[in-house]
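Open the structure in your viewer and switch to the cartoon view. Keep the selection tool at hand.

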Amino acid sequence: MLRRLALLLFLELNGAAVFGAGSVQDFRQEAPTDLTLGHIVLHGETSHRALDGSWLKVRMKSNKGIFDYHITRVGGGGGPLPPIKANPLVFDGEITAMAHGGTDWEGVFTFGGQTGRLRFQLVDDRPRSEEPAPTYRNVAYGPYPRDIMDVYLAKSDHPTPIAIYIHGGAWTAGDKSDLAHYREFLDAGISVFAIDYRYCPPANPDAATPAVALPLRDAARAVQFIRSQAGSWNLDPKRLGLWGISAGACTSLWLATHPDLADPSAADPIARESSRPSCVAVLWAQTSLDPVEMRAWVGPELTYGAQAFGISAGRARADFERFIAARPRILKWIAEYSPSALLATGKGPPIFLDYLDFGLTPCEPLGAYYTHSPRFGVGFIQRCREVGRECYLRYDGREDSRYASWQAFLLARLRQ
């Protein structure tokens, strides 16, 4: 009761609309496009927080799906957001302005023991009930149990472009069920594929093969297999785009920078197909697998990547120091599997690097931030400029003037 009285007094003193006597909107039963101006209670969990308190990322669930919001203060007053870590987090207040179809709000809310004017911006939504089911599920593209894919064929009288999703998980976890945001591709006449692949083993398979070769070579095989099915599935093999998240993003970049793996003389007809995409859009990409370059770009806090070369004792910082120590003997592998090293091998498809709401200011949790830091993108795009490769970069604080997002880039390039 005291909290509500304090909030009402704050609203009156600041000239904002005071809560009416009407019903309270509860996000758990609504979705962004269902909400209206007025009193609302929001329930969520803090997933990221800028160390300077300038923003929060909060995930909210409703019966319509899962929605991630980027939250900042409105105007210059009020100072940083509180150091919120406790979950669940409740926002109780008034929506006073809405834009962009209800996905961008402003209002006054109590939260984390404070009251303030906030802006909520939708950055990711994962509706559970609105995405189409696959045309074919668990289609095998290779000889291993995890060499499977889900196929979503767009309806079209003409061969359709192809968009392939490669999931993240450090090449040691995750699966194709993470696929989201694909309805807009199907609606645009673009067929969608989501692949699984072998995980990195704890140690390198043999003296000639690093652990990361298994998931990366599987992904190349998936691209070749999909192209081999162009006639059966009404596909246009010349318009094939990739999008991936985290490790899946690094895999996508490897396919975009590595020389084509097609072998015209192979007995296997799938192996004769091209492994090269025509465009690539990636989220939170690790753009290098050279430990010295990675640390130079991102900073000494980075501890990710050793598992790619079979260095995995479960102690991230110690593993990374072993990674650096091993660098002289694995330089040949780095040259073959690090996207930044492969940029110099020749021309390739255009690339869009998207770090969504991550900015150059570190955020909590720090491990997740440094693993997905936009500084990977800053270093990579500079390298692209040096070798004349077409590349675009977006992160919090930097927008691209030509493409608003990774989706906009991929849709535009595949429909050319």
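This tour visits one strand and two helices in a predicted model.

**Stop one: β2.** Select residues 38–50, strand β2. Ten of its 13 residues are buried. Now look for its partners. Strand β1, residues 25–26, pairs with β2 in the parallel sense over two bridges. Find Asp-26 there; Val-41 in β2 stands opposite. Next, select β5, residues 89–99. β5 runs antiparallel to β2, and seven bridges join them. One pair to click is Gly-38 with Ile-95 in β5.

**Stop two: the hairpin.** Add β3, residues 56–62, which is antiparallel to β2 with five bridges. Arg-49 faces Leu-56 in β3 as its opposite number. Five residues lie between the two strands, and Gly-53 in this hairpin has a positive phi near 75 degrees. Then select Ala-50: its bridge partner in β15 is Cys-363.

**Stop three: α6.** Jump to residues 291–298, helix α6, where six of eight residues are buried. Trp-297 and Met-294 are among the buried ones. What covers them? The cover over the buried residues of α6 includes α7, α8, α9 and α10. At the start of the helix, select Asp-290: a side-chain oxygen comes within 3.1 Å of the backbone nitrogen of Val-292. After α6 comes Gly-299, with a positive phi near 125 degrees.

**Stop four: α7.** Select residues 316–337, helix α7. Where is the kink in α7 centred? Click Arg-329: the kink centred there is about 85 degrees. The end C-alpha atoms of this 22-residue helix are only 21 Å apart, while a straight helix would reach 32 Å. Finish with its buried residues, including Phe-320 and Trp-333. The buried residues of α7 pack against α3, α5, α6 and α8.

Key. Residues are numbered from 1 along each chain as its sequence is written. This is a predicted model: local features need pLDDT of at least 70, side-chain atom pairs count only at pLDDT 80 or more; totals for chains, interfaces and linings use all residues. Side-chain values use heavy atoms; hydrogens and water are left out. Buried means under 20% relative accessible area, exposed over 50%, partly exposed in between (1.4 Å probe, protein chains only). Helices (H or I, at least four residues) and strands (E, at least two) are DSSP runs, numbered from the N terminus. Contact means heavy atoms within 4.5 Å. A polar contact is a pair of N or O atoms within 3.5 Å; within protein, one must be able to donate a hydrogen and the other to accept it, and residues adjacent in sequence count only if both atoms are side-chain atoms. The expected span of a helix is 1.5 Å times one less than its number of residues. The bend at a residue is the angle between axes fitted to the seven residues ending there and the seven starting there. Two strands pair if DSSP finds at least two bridges between them.
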